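Here is a friendly walk through one protein model, meant to be read with the coordinates open beside it. Pull up the viewer and follow along.

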Amino acid sequence: VSVEMALAAPEGRVYAAECDADACELICQNRAKFAVQNLHLTQGLAPEALADWPAPDAVFIGGSKGNLRAIVDAALAANPAARLCISAIALETLQQAIAALTAHGLTAQVTQIAVSRSRAAGSLRKAVWARSHHRAARRVVGPAAAEPSTAETSAATAAIRDRSDMHGTECKERTEKNGII
């Protein structure tokens, strides 16, 4: 997701925290492959890994290792007007996201996207595998409000594709389209 965001916003700065060493290596490989200069990677667990970062304009949380509330608190402490996008593959995480936003007086806007595969069942095709993705996002409301940019939408779409690939399932459209490792 971080490489996609950096490519979508070449004039911006993207900061990514990743606690898994293998995932950090993969991000570094893709950063080099696509000559991304605006991606700053910190290996560590959020929110501690975010300590020396500048205040964010927008935050994507793709995983929290159980620290979702603390990550939301840290992001909003750094910039109370930051836009948040939280990817949740479990209903419990969606509940936690809504609770974390509500604790800050915010209302979550939830979008659910389902990804399914099918197999033959006689003359019909039957969905045999499905994974739902929930995204709880805070949208800024008022005179300074702005619709999500193409970069934000692209990053959210990339995040959903990454999550659908989470258990080793090939995500051919991402690989073919972007050539990402």
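Tryptophan 53 is partly exposed, with a relative accessibility of 22%. In this model, which is predicted, tryptophan 53 has an aromatic partner in tyrosine 15. Tyrosine 15 is likewise partly exposed, at a relative accessible area of 28%. The count of aromatic pairs comes to one, and here is its geometry: the centres of tyrosine 15 and tryptophan 53 are 5.5 Å apart, with 40° between the planes, which makes the pair tilted. Why does the pair tie together separate parts of the sequence? Tyrosine 15 belongs to strand β1 (residues 14-18), while tryptophan 53 sits in the loop between β2 (39-43) and β3 (58-61), so the two joined parts are 38 residues apart in sequence.

That loop between β2 and β3 also holds proline 47. The peptide bond joining alanine 46 and proline 47 is cis, with omega at about 10°.

**The chain as a whole**

Stepping back, the protein chain has six helices and six strands. Along the sequence they follow the pattern α-β-α-β-β-α-β-α-β-β-α-α. The chain has 181 residues, of which 30% count as buried. Among the contacts with a separation of 6 or more, 62% are between residues 24 or more positions apart. For a pair of residues apart in sequence, take glycine 12, in the loop between α1 and β1, and leucine 39: they are 27 residues apart in sequence, with 9.0 Å between their C-alpha atoms. Glycine 12 is partly exposed, at 28% relative accessibility.

**Two helices, side by side in a table**

Helices α2 and α4 can be described in the same terms.

| Helix | Residues | Number of residues | Expected span | Distance between end C-alpha atoms |
|---|---|---|---|---|
| α2 | 21-33 | 13 residues | 18 Å | 18 Å |
| α4 | 91-102 | 12 residues | 16 Å | 16 Å |

For α2, the span expected at 1.5 Å a residue agrees with the distance between its end C-alpha atoms. Which residues of α2 are buried? They are Cys24, Ile27 and Asn30. Their arc around the axis is only 125°, so they lie on the same side of α2. An α-helix has 3.6 residues a turn, so residues three or four places apart point the same way. The cover over the buried residues of α2 includes α1 (2-8), β1 and β2. On the face turned away from the buried side, α2 carries the exposed residues Asp22 and Ala32.

The N-terminal end of α2 is capped by aspartate 20, whose side-chain oxygen lies 3.1 Å from the backbone nitrogen of aspartate 22. Just after α2 comes alanine 35, with a positive phi of about 50°.

In α4, the expected and actual spans agree as well. Its buried residues are Leu94, Ala97, Ala100 and Leu101. They cover an arc of only 125° around the axis, which puts them on the same side of α4. The face of α4 turned away from that buried side carries Leu91, Glu92 and Gln95, which are exposed.

**Cysteines**

How many disulfides does the structure hold? It holds zero. Cysteine 24 is in no disulfide, and the nearest cysteine sulfur, from cysteine 28, is 6.5 Å away. Cysteine 24 is buried, with a relative accessible area of 6%. Cysteine 85 is buried too, at 13%.

**Loops worth a look**

Is asparagine 79 buried or exposed? It counts as buried, with a relative accessibility of 19%, since the cut-off for buried is under 20%. Asparagine 79 lies in the loop between α3 (68-78) and β4 (83-88). Its side chain reaches the backbone oxygen of proline 56 at 2.7 Å. Setting aside neighbours within four places in sequence, asparagine 79 is in contact with Ala55, Pro56 and Asp57.

Positive phi values round off the tour. Alanine 35, in the loop between α2 and β2, is exposed at 53% relative accessibility. Lysine 65 has a phi near 50°, a positive value in a residue other than glycine. Lysine 65 is found in the loop between β3 and α3, and it is exposed, with a relative accessible area of 63%.

Conventions
Residues are numbered from 1 along each chain as its sequence is written. This is a predicted model: local features need pLDDT of at least 70, side-chain atom pairs count only at pLDDT 80 or more; totals for chains, interfaces and linings use all residues. Side-chain values use heavy atoms; hydrogens and water are left out. Rings of Phe, Tyr and Trp (its six-membered ring) pair if their centres lie within 6.5 Å; planes under 30 degrees apart count as stacked, over 60 as edge-to-face and the rest as tilted. Helices (H or I, at least four residues) and strands (E, at least two) are DSSP runs, numbered from the N terminus. Buried means under 20% relative accessible area, exposed over 50%, partly exposed in between (1.4 Å probe, protein chains only). The expected span of a helix is 1.5 Å times one less than its number of residues. The arc is that of the directions from the helix axis to the C-beta atoms. Contact means heavy atoms within 4.5 Å. A polar contact is a pair of N or O atoms within 3.5 Å; within protein, one must be able to donate a hydrogen and the other to accept it, and residues adjacent in sequence count only if both atoms are side-chain atoms. A disulfide is a pair of cysteine sulfur atoms within 2.5 Å.
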